[in-house]
Amino acid sequence: LRACLTNGSTKINVPLTIPITLVHTMYLPLQFRFTYVQTILFLTFSLNEMLKPVHEKNMEYALFPLIVGLPLLLVGWIESTQCSNFVMSMGGHLIYDAYISVSVICFHLVCR
């Protein structure tokens, strides 16, 4: 959570981590854990971005969700729902991880 809640402190992150981890480890079946983690990361990152002060909301703030966020969300949903059907044969989770790196590089190239 610390990577997603860059504006948060330990006083916020630790109490949030406890229930999130308990739900993840004690109540979720294995097949839903990837989607759960992805949902938590997207929610915390989105809330962190929306709570930024107005003076920090610039063109990069607007481009990041379009270049990185939305496509990554789609790649994650495709992986979590279609992994057995065709994603595993194309590289599986490697596609998801590779997209994160490629999209962040593209974001920085567009914004420079």
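## Helix 3 and its neighbours

Welcome to this predicted model, where local features need pLDDT of at least 70, side-chain atom pairs count only at pLDDT 80 or more, and totals for chains, interfaces and linings use all residues. Residues are numbered from 1 along each chain as its sequence is written, and side-chain values use heavy atoms, leaving out hydrogens and water.

The buried residues of helix 3 pack against helix 2 (33–50) and helix 4 (93–111). They are I67, V68, G69, L72, G76, E79 and V87, where buried means under 20% relative accessible area with a 1.4 Å probe, counting protein chains only. Helices here are DSSP runs of H or I with at least four residues, numbered from the N terminus.

## A bend in the helix

Helix 3 covers residues 59–87 and spans only 33 Å between its end C-alpha atoms, while a straight helix of 29 residues would span 42 Å at 1.5 Å a residue. At T81, helix 3 bends by about 75°, the angle between axes fitted to the seven residues ending there and the seven starting there.

## Side by side with helix 2

How do helix 2 and helix 3 cross? Their axes come within 11 Å and cross at roughly 170°. The two are therefore roughly antiparallel, a label for angles over 145 degrees.

Where they meet, helix 2 offers residues including F34, F42 and M50, and helix 3 offers residues including Y61, L73 and W77; contact means heavy atoms within 4.5 Å. The buried residues of helix 2 also pack against helix 1 (10–27) and helix 4.

Conventions
The expected span of a helix is 1.5 Å times one less than its number of residues. Buried means under 20% relative accessible area, exposed over 50%, partly exposed in between (1.4 Å probe, protein chains only). Axes are lines fitted to C-alpha atoms, for helices over the stretch in contact, and angles run from 0 to 180 degrees between N-to-C directions. Angles under 35 degrees count as roughly parallel, over 145 as roughly antiparallel, 65 to 115 as roughly perpendicular and the rest as oblique.
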